[in-house]
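Let's work through a protein model together, one question at a time. Have the structure open as you read.

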Amino acid sequence: MATFLYRLGRWAFVRRRLVTLLWVAVLAVCGVLAAKAPAAPDDGFAMPGTEAQKAFDLMNERFPGGHADGASARLVFVAPSGQKITAEPNQQAVERTVAELAHADEVSGAVSPFKANTVSKDGTTAYATVSYSVKAGELSKGATDALEQAAQHGRDAGLKVEVGGNALMAKPEAGGSSEMIGMALSAVVLVITFGSLVAAGLPLLTAVIGVGLGMALITGLGSTLGLSSTTSTLAMMLGLAVGIDYAVFIVSRYRAELAEGRTPQEAAGRAVGTAGSAVVFAGLTVVIALAGLSVVGIPMLAKMGMAAAGTVVIAVLVALTLVPALLGFIGRRVLPRKARKGAVQPKKENGGSRWAKFVLRRPLAVLLGGVIGLGVLAAPALDLRLGLPGDESKPTSTTQRRAYDLLSEGFGPGFNGPLTVMVDVKGTPDPKAAASEVAKTVSALPGVVSVTPPMFNKAGDTALLNAVPSTGPSAAETKDLVQAIRGHAAGLKTATGATVLVSGTTAMNIDVSQKLTDALVPYLAVVVGLAVVLLLVVFRSVLVPLKAALGFLLSVAAALGAVVAVFQWGWLANLIGVEQTGPVMSMMPIFMVGVVFGLAMDYEVFLVTRIREGFVHGERPDEAIVTGFRHNARVVTAAAFIMIAVFAGFIGMGEPMIKMMGLGLAAAVAFDAFVVRMTIVPAVLALLGRHAWWLPRWLDRLMPDIDVEGSKLQTAAPEPAPVRESVGV
């Protein structure tokens, strides 16, 4: 592996104009493809195999034209203080507002609350549901503008009007201020790390090229492969992250080789042969973690994972070819100004080596301190409650949150999450009697406020009824109620012959959370198992991969503890603008495992391969640890700060789920990079000594020798390769 990559690095350095032109041409072709490609479809959030999804699909089949998956809006009207919404002037204002919306673009139905009997008992509040013929993400600007204008007309008439539902749902932001802030902070960190604007700019340039190519491919192939607009979100974030990281490590190794007196061409070859080998296997661990999202069973997550994995592959290829090609143009200008006049030996002492020596003096105390500290931080995760937060978790400045609160006050919290009960009476002797029996059974259950009369389709073989719980959509009691209704389904089937299915947004969220919870352990087993096998080949050690996996689990548990403490318990929530506590987003554990595992293994591979390189080249275990930290600790620290800056930028976003992702990922990277990789790892290696690199002989014979450390490069003579183009000085 190292020899092949060494040759590739030298070739890219020599043929730098050809390599650069090839990448520019590929980027241009993919850009044209993306520009001409049809718009990607909105594939929604399907959950195959769940009861809510089965009911949803049956609803679309039995109620054609009903647009079960269409957008919806709920207009909440509140009369002025001391008045009733049923007073004639107020009622007329409500009916005018609803009538205005009934004729708006893409509206399939809008019923007055006075006809639908959706007026509160005290007569102060009413709501009207507006249905659309297209999905929320596909609503035209004209349709959303008409909704906002109608609500404003109601306010002008003296009413308090707020809009709930998903019609005004904001689309995910991509390429916005968060990414720009992350790039700016990354540039500052790189300048401090390298002491050279040229060296700092190269990783940023190549990362942008890699992400641009990945986004162009996703856009160009979107309609063919069914990639929705949300698919690219994870790909952009991770592509930028690993693109910077991988380029940083190769540039850093190139600078170290120059400092040892090698020519730029030879330094580029050795940088790609050694650091490039680590990049390849670090990239493979990220790809494994992202591709493993396919085992969860959620098509959208699988597509996001595969798209992000493809972008990571592009980042690896860019690092192995375009980075050495650009180094050919830069030459020694990658070094600080003072170091360009001649070869400068690397410092024998720096912050990394001093820290390593500190850990070596008291490894057991450092190990116990790190593990206990992360354990304390992880303690809140024992109270982890999963769910899909809705409008109740949004800031009070949004109309969706205000609509949620007004409905809760006027009708009770359950009105924000009604359950849709579908009754399939096809083949039953008395469909109406069967549907009535289902309604009677559901209304008698504890926690049910009301049940609407069954509404049949034209064929008369399917009925719908809405059950309103007494508790909010994310409450544990609502989940128990859904399970109770489903628990009576078998008895109702026997008694009436009807099939009962529970669906609706609330039931779908409950099913999503349960499916994600059930998938967490298999996903961990697949991802961690494959990565341990890969690291076994890389490090040729049994204990080092196991230590890497256990350390990762510690950091993820601590990050989940921080998320629970802030978003579920409310600790320090005001500092980051969290106005309402609630359950943790159900996708958070799996999302964090997939993303953080890949990045954590990046740091593990980069740091430990340099330690193993020193050990393989004859250093004692403790000397190898110091050598690895002297060369790579500074760069790993810079890479971690860059990732933390990128992820922390999302904490300032208005959407609570994005805040949660930003805090969770930033905390996980901080814990893993600085506590696990920089503290626990050297402590464990120091305690194990030579046993850290133990491998059974039979297993050693079976595994391929990929030479990640580049030991063969130490004995091989440099290949003659004439420099055909001038090197930057």
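Q: Which residue with a positive phi follows H21?
A: Keep in mind that this is a predicted model. Look just past the end of helix H21, which covers residues 588–616. The phi there is positive, near 105 degrees, and the residue is Gly 618.

Q: What length does H21 reach from its first C-alpha to its last?
A: H21 has 29 residues, and at 1.5 Å a residue you'd expect 42 Å. There is a bend of about 25 degrees at Val 596. The reach is close to the expected value: 40 Å.

Q: How many of the residues of H21 are buried?
A: To count as buried, a residue needs under 20% relative accessible area. H21 is mostly covered, and out of its 29 residues the buried ones number 28.

Q: Is Arg 486 buried or partly exposed?
A: Arg 486 sits in helix H17 and shares a salt bridge with Glu 51 of helix H3. Glu 51 has 22% relative accessibility, so it counts as partly exposed. Arg 486 comes in at 15%, under the 20% cut-off, so it is buried.

Q: Which residue forms a salt bridge with Arg 262, with the closest N and O atoms 2.5 Å apart?
A: Side chains of opposite charge can pair when their charged atoms come close. Arg 262 belongs to a network of salt bridges that also includes Arg 610 and Glu 613. Its partner at 2.5 Å is Glu 257.

Conventions:
Residues numbered from 1 in each chain as written. Predicted model: local features only at pLDDT ≥ 70, side-chain atom pairs only at ≥ 80, totals over all residues. Heavy atoms only, no water. Helix = DSSP H or I, 4+ residues; strand = E, 2+ residues; numbered from the N terminus. Expected span 1.5 Å × (residues − 1). Bend = angle between axes of the 7 residues up to and from the residue. Buried < 20%, exposed > 50% of the residue type's maximum accessible area, 1.4 Å probe, protein only. Salt bridge = Lys/Arg side-chain N within 4 Å of Asp/Glu carboxyl O.
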